[in-house]
Amino acid sequence: MPRPQIPHRRERILDAAQTLILERGFDGMSMSALAERCGIGKGALYLEFAGKNELVDQLIARSMRRITTALSARLAADGVASLGDLYRVAADALLGDDLLTAAYLDDKGVLGGYAATRADDRYRRRFAWMDGYLRLLQRDGSLDAGLDPDALSLALAAFTVGLLSLSKVVGPLGPDRLAATIGAFATIVDRAVTPADAPAAMSPAAYASMRDLLDRLTAENEPPDPRDPAPEAP
């Protein structure tokens, strides 16, 4: 049976869920509290989402769509000329999103127990996409020919994943310190992997590869079709 199509209800629920998660963290949010915040019955809430995990899945997907849109705009404006630039632009987009910024800063343990539930292969796919992009940069002379693209992809992934646990190790970062950390890493990357005679602009092939990577990320985070069967309430 198709889900009831009530205009803007899904987005209204997602907005309220994000506010609650930012206030209480994932572990402190309940579906009952969310239904009360939205002013709808709990049963109506379960017509849209199977539970808290699906809610956060969709919140993160929504945030990722916003980030890929921002990256696409910068790419179209020739705002990405190097691997380090990619990190700088991504950092700007990340810090413009309240949920993902809070997740990286670990504000009130924002993702809590949710993080331990994710066991899909999306990150493996993204690793493969980045590896292909790095190989194109290397072929075009924008990446040190002596580097192993696979090893560099792992090193970049280690930095990105490590950021999520950094605040637990060193203490609260704050948005400015997070931005400075990513900026420093971007500078290190550019100085360490970019040849002195690298082209000043991204080649058409590298541009197309970056465009394809963003398109894949966008497609991966598309919102569900409202005509899909509704999840069963517990």
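**Reasoning through the salt bridges and the pocket**

Biologist: What makes Arg88 partly exposed?

Modeller: In this predicted model, Arg88 has a relative accessible area of 29%. Buried means under 20% and exposed means over 50%, so Arg88 falls in between and is called partly exposed.

Biologist: Arg88 forms a salt bridge with Asp190. How do you know that this pair deserves the name?

Modeller: The closest N and O atoms are 3.0 Å apart. The cut-off is 4 Å between a side-chain nitrogen of Lys or Arg and a carboxyl oxygen of Asp or Glu, so Asp190 and Arg88 qualify. The pair also links distant parts of the chain, with Asp190 in helix 9 (residues 175-193) and Arg88 in helix 5, 102 residues apart.

Biologist: And Asp190, is that residue buried or exposed?

Modeller: Asp190 has a relative accessible area of 17%. Because the limit for buried is under 20%, Asp190 counts as buried.

Biologist: Let's turn to Arg37 and Glu23. Why is this pair called a salt bridge?

Modeller: Their closest N and O atoms lie 3.0 Å apart, and the limit is within 4 Å, so the name fits. Arg37 sits in helix 2 (residues 31-38) and Glu23 in helix 1, so the pair ties together parts 14 residues apart in sequence.

Biologist: Which exposure class do Arg37 and Glu23 belong to?

Modeller: Arg37 has 37% relative accessibility and Glu23 has 38%. The partly exposed class runs between the 20% and 50% limits, so Arg37 counts as partly exposed, and Glu23 does too.

Biologist: What happens at Arg10 and Glu54?

Modeller: Their side chains meet in a salt bridge at 4.0 Å, N to O. Arg10 lies in helix 1 (residues 9-24) and Glu54 in helix 4, so this pair ties together parts 44 residues apart in sequence. Arg10 and Glu54 are both buried, and they belong to a salt-bridge network with Arg9 and Glu48. The whole structure holds 14 salt bridges.

Biologist: Now the largest pocket: how much space lies in it?

Modeller: About 1,500 Å³. Of its 44 lining residues, the closest to the centre are Tyr104, Tyr123, Arg126, Thr160 and Val161. Helix 8 gives the largest share of the lining, nine residues.

Biologist: How do the lining residues of that pocket divide by type?

Modeller: There are 32 nonpolar, four polar and eight charged residues in the lining. Tyr counts as nonpolar, Arg as charged, so Tyr104 and Tyr123 go into the nonpolar class and Arg126 into the charged class.

Terms used: Residues are numbered from 1 along each chain as its sequence is written. This is a predicted model: local features need pLDDT of at least 70, side-chain atom pairs count only at pLDDT 80 or more; totals for chains, interfaces and linings use all residues. Side-chain values use heavy atoms; hydrogens and water are left out. On a 1 Å grid over the protein atoms alone, a cavity is a set of points where a 1.4 Å probe fits but cannot get out, and a pocket is an open set with protein on both sides within 12 Å along at least five of seven lines; lining residues have an atom within 4 Å of a point. Grid points are joined across faces, edges and corners, and a volume is the space filled by probe spheres set on the points. Helices (H or I, at least four residues) and strands (E, at least two) are DSSP runs, numbered from the N terminus. Buried means under 20% relative accessible area, exposed over 50%, partly exposed in between (1.4 Å probe, protein chains only).
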